[in-house]
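User: I'm new to reading protein models and would love a close look at one part of this one. Could you walk me through it in plain words?

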Amino acid sequence: MLIRRSRAPSTERSTGSSRRIRSQYARAFLVQNPHARLGLVSAPRGADALTACGGDGPLNYDGDTARFSAVVRDWEERFGARVVGLGSSTLHLSVAAPPNGLDDALPIAAEHFAFCPDNVWQGAHPTLAAYAEHLIDLNCWEFWWD
């Protein structure tokens, strides 16, 4: 399911911009989700919290949260992605270094599709190319499984 033979290249980012983007997205997330509650999880990094919290994984998709943690951990390293929100069928990430052109966005869109096909199959961007265009310069990646 989540096995990749090659992966999209990472893009450059600074630690300061990563913190700023994460903070801005967290504030925007709370405005859009006023009933969200803070949950603290003991984990070495945000990606590991997906498994450490004991969740069942994405609703109606796959219960092996370790697979999803591994992908998010990779995105942390390559794109400065950080977990901002997590639900039984949703995952919200801030992204410090999103793709800045279609050539970079297409392989990332393919990774997203492997990770969460519902983003394309049932989302506002019904083709991989349209989804890739949507990812250009987008500092938040949102996933939902139905």
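What volume does the second largest pocket have? And please tell me what lines that pocket and how the rest of the chain is laid out.

Analyst: Sure! Keep in mind that this is a predicted model. The second largest pocket has a volume of about 240 Å³. Its lining is made of 15 residues, and the ones closest to the centre are N119, Y131, H134, E142 and W144.

Where do those lining residues come from? β2, α6 (128-135) and β3 (140-144) each supply at least two of them. β3 gives the most, with five residues. If you sort the lining by class, you get eight nonpolar residues, six polar ones and one charged one.

Now let's put that pocket in context. The largest pocket has a volume of about 650 Å³. It is lined by 21 residues, and R37, G39, V84, G85 and L86 are the closest to its centre. Here α1 (15-32), α2 (46-52), β1 (81-86) and β2 (90-95) each bring at least two residues. So that you can compare strands: β1 provides the largest share of this lining, four residues, while β2 is on the list for the largest pocket and on the list for the second largest one. By class, the lining of the largest pocket has 13 nonpolar, seven polar and one charged residues.

Next, the whole chain. There are six helices and three strands, and along the sequence they run α-α-α-β-β-α-α-α-β. Of the 146 residues, 38% are buried. Among contacts with a separation of 6 or more, 66% are between residues 24 or more positions apart. The chain exposes about 8100 Å², with carbon and sulfur atoms supplying 52% of that.

One helix is worth a stop: α3, residues 65-79. With its 15 residues, α3 reaches 20 Å from first C-alpha to last, close to the expected 21 Å. Its buried residues include F68, V71, V72, W75 and F79. Look at how such positions are spaced along the sequence. An α-helix has 3.6 residues a turn, so residues three or four places apart point the same way. The buried residues of α3 pack against α2, β1, β2, α4 (102-115) and β3. That list includes β3, the strand that gives the most to the lining of the second largest pocket. Right after α3 comes G80, with a positive phi near 70 degrees.

Technical notes:
Residues are numbered from 1 along each chain as its sequence is written. This is a predicted model: local features need pLDDT of at least 70, side-chain atom pairs count only at pLDDT 80 or more; totals for chains, interfaces and linings use all residues. Side-chain values use heavy atoms; hydrogens and water are left out. On a 1 Å grid over the protein atoms alone, a cavity is a set of points where a 1.4 Å probe fits but cannot get out, and a pocket is an open set with protein on both sides within 12 Å along at least five of seven lines; lining residues have an atom within 4 Å of a point. Grid points are joined across faces, edges and corners, and a volume is the space filled by probe spheres set on the points. Ala, Val, Leu, Ile, Met, Phe, Trp, Tyr, Cys and Pro count as nonpolar, Asp, Glu, Lys and Arg as charged, and the others, Gly among them, as polar. Buried means under 20% relative accessible area, exposed over 50%, partly exposed in between (1.4 Å probe, protein chains only). Contact means heavy atoms within 4.5 Å. Accessible areas come from the Shrake-Rupley method with a 1.4 Å probe; for residues, only the protein chains shown count as cover. The expected span of a helix is 1.5 Å times one less than its number of residues.
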